[in-house]
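Visitor: Please take a close look at one part of this model, the surroundings of the ligands, and then set that part within the rest of the protein. A connected account would suit me better than a list.

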Amino acid sequence: MKLNLLLNPLFIKEVQGKVELDISGIEIDSRRVMQGCLFVCLPGTVYDGHQFAVQAVNAGAIALITERKLSEIPSHITTVQVPDARRALAILADVFYGRPTSRLKLIGITGTNGKTTTTHLVEHIFNENDKRTGLIGTLYMRIGNYREQTVNTTPESHVLQRNFHTMLEQGAEYAVVEVSSHALDMGRVRGCQFRTAVLTNVTHDHLDYHESMERYSDTKSLLFSQLGSAYGDEPKIAILNADDPVSPLYARKTAAQVITYGVKNRADIRASEIQMKPDGTSLQVDTFQGRTQLNLKLLGIFNVYNALAAIAVSLSEGIPLQQVKRSLEAFEGVMGRFEPIYAGQDFTIILDYAHNPDGLENVLQTAKTLTHGKLYCVCGCEGDKDRMKRPIMARVAASYADFAIFTSDNTRSEDPDSILRDMLEGLEGGPIPSSGYTAVLDRREAISQALELAHPGDCVVVAGRGHETHLIAKGQRIPFDDREVILDLLGSKTTLTMPPESWMEGNVVVHVPEASL
Ligand SMILES: CC(=O)N[C@H]1[C@@H](OP(=O)(O)OP(=O)(O)OC[C@H]2O[C@@H](n3ccc(=O)[nH]c3=O)[C@H](O)[C@@H]2O)O[C@H](CO)[C@@H](O)[C@@H]1O[C@H](C)C(=O)N[C@@H](C)C(=O)N[C@H](CCC(=O)O)C(=O)O
Ligand SMILES: Nc1ncnc2c1ncn2[C@@H]1O[C@H](COP(=O)(O)OP(=O)(O)OP(=O)(O)O)[C@@H](O)[C@H]1O
């Protein structure tokens, strides 16, 4: 694409050099630059991309977007100075890839927990109903069988727009995207023409970055204000969790039409008569298309919320309720999210990705409800991330588990002992698990101890890592997959299908939510 066409929508302070150039791609990392690229110099949290301009030119960049004048740039290289390179990147990426979101039906899902699960639920329902989708999130970018690995839950704008372009090429009608608070804050989704925005929930996480819950919640609300205020021929919809206290404020921030879902409060899509059994959850759902009975294979009230959000998206796209029901009932779950690991052992093991207080509480609450015997929890906290959640997560584990084993997660640059000390501070003067707790630095050893302690009827929850296959410590990525470790400790190579009767020996549990209508 010609550079002058790319630059058209940009507010430019100064251009030096020719703009009649053919640009082969847009890059922000000098190590990935290819011949003919436009290199955008981004100020980052660790480095300043301007430092790598010369490196980018040496690697083949023919033009640069900068926020200031740079010395040492060869005179044949075009330099375009803008006030804000990150904003410029979003605009350039949108133009370079042909404004793909104007031709895709874009659904963005934000929230502290449940984004991955809800995007997968929506993808599954849509695909079962002949709507071709692309999905972007923590696990991957995928369109049918085509997959690309993602570095971030929500990629930087040039990768995001490239993904959307690929989706269009592959015939996708919809894009279902996890939108993280970091992405909203850094403007990675600027330029995306969202059709539907969904909120799962807002609870404590990422305060290392956002600093306060107010700022965190305010950042998440950007997705709803970014639905825009112009009305076109197609509907714009904000889907909000009626039981989350932030929702009324988010409703005020959007000009879009609002659909609510929930369990406790009045909502457009509301679940009641929730019953949880070891092999699934049944519920009644009242919607604007009538009432239906649902039998989900998923466990936990948190998954009821995820399912309600997916129902709201599906109904708003005109999929009949009975078809939504059929599709939801066939959904098997998402890798590493409340996933049972069974290799013939006589107790239950749940692999889960919970890595913040609310996620852990939801998972342990669900496991406890279904466990007749003892509940064991193995969990840790990440280094170089929100320190404030460490004692809270330990308290959550202590409140639900009969025995807690605190261990390491990604320690990054931090001393693993000091992370554990932060966690254990949460137990001072607080609840202590009925059978006690221990701290075991080595994660494999921690899991091993939990499996050795468990008896028939017990349940071991291994939390925090879910689908992850590596641990990060001192700048190294060390292969470590909780699933493989568990199977290895059980002396098995693969998981088997678990017969429902060998799950936790729980009776049918009826959950009666408190109605506040
Ligand atoms: C804190 C943060 O979000 N950092 C993101 C940010 O990197 P950064 O600003 O720190 O970049 P930097 O390392 O300082 O470098 C500055 C610039 O110099 C460039 N550079 C750097 C080195 C070099 O040799 N050459 C070069 O050109 C870099 O490419 C960059 O353009 O921009 C990068 C490109 O978009 C992101 O990949 C990176 O995400 C890192 C990996 C990360 O861990 N982010 C987390 C916090 C995050 O965003 N998480 C959310 C999900 C959270 C959740 O819900 O759990 C997500 O959406 O993934
Ligand atoms: N609606 C929910 N409310 C609370 N906890 C949830 C909910 N859905 C899932 N969880 C818990 O949070 C964990 C992460 O779920 P999921 O991956 O769907 O969320 P996410 O928002 O994509 O997380 P991340 O952004 O960190 O990838 C699950 O393993 C489960 O423990």
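Guide: Helices, taken as H or I runs of at least four residues, and strands, taken as E runs of at least two, are DSSP runs numbered from the N terminus. The model is a predicted one, and its scores are an ipTM of 0.96 and a pTM of 0.95. The pLDDT of the protein averages 94, and 96% of the residues reach at least 70.

The ligand surroundings are best read against the division of the protein into domain 1 (3–96), domain 2 (100–330) and domain 3 (339–504). Ligand 2 is surrounded by 24 residues, and the closest of these are Asn113, Gly114, Lys115, Thr116 and Gly359. At least three residues of this shell come from domain 2, and at least three come from domain 3. Among secondary-structure elements, α4 (115–128), α10 (301–316) and α12 (357–370) each contribute at least two residues to the shell around ligand 2, and α12, with 4 residues, gives the most. In terms of residue class, the shell around ligand 2 is made up of 14 polar, 5 nonpolar and 5 charged residues.

Ligand 1 has a shell of 19 residues, in which Asp29, Gly44, Asn152, Glu156 and Ser180 come nearest. Domain 1 and domain 2 both give residues to this shell, so ligand 1 lies between them. The shell around ligand 1 comprises 9 polar, 7 nonpolar and 3 charged residues. As for the domains that flank these sites, the C-alpha centres of domain 1 and domain 3 are 45 Å apart.

The record adds a second description of the chain. An unreviewed UniProt entry places a "Mur ligase N-terminal catalytic" domain at residues 23–97; this span is 24% helix and 20% strand, and its end C-alpha atoms are separated by 12 Å. The UniProt annotation "Mur ligase central", likewise from an unreviewed entry, covers residues 109–313, a span that is 34% helix and 28% strand and whose end C-alpha atoms lie 10 Å apart.

Turning from the ligands to the loops, two residues deserve attention for their backbone. Aspartate 130 sits in the loop between α4 and β7 (133–136), and its phi is near 60°, a positive value in a residue other than glycine. Because 8 other C-beta atoms lie within 10 Å of its own, aspartate 130 counts as exposed. Histidine 206 lies in the loop between β11 (194–199) and α7 (207–210), and the phi of histidine 206 is near 55°, again a positive value in a residue other than glycine. With 18 other C-beta atoms within 10 Å, however, histidine 206 is partly exposed, because the cut-off for an exposed residue is 12 or fewer and that for a buried one is 20 or more.

Finally, serine 435 belongs to the loop between α14 (416–425) and β21 (437–439). Serine 435 has 13 C-beta neighbours inside 10 Å and therefore counts as partly exposed. Leaving aside residues up to four places away in sequence, serine 435 touches Lys374, Asp402 and Phe403. Serine 435 and leucine 168 are 267 residues apart in sequence, and their C-alpha atoms are 55 Å apart in space.

Methods. Residues numbered from 1 in each chain as written. Chains lettered and ligands numbered in written order. Predicted model: local features only at pLDDT ≥ 70, side-chain atom pairs only at ≥ 80, totals over all residues. Near = placed C-beta within 6 Å. Nonpolar A, V, L, I, M, F, W, Y, C, P; charged D, E, K, R; others polar. Domains from an automatic or database assignment. UniProt positions renumbered as here; feature names shortened; annotations may be inferred. Contact = placed C-beta atoms within 7 Å. pLDDT = per-residue confidence, 0-100.
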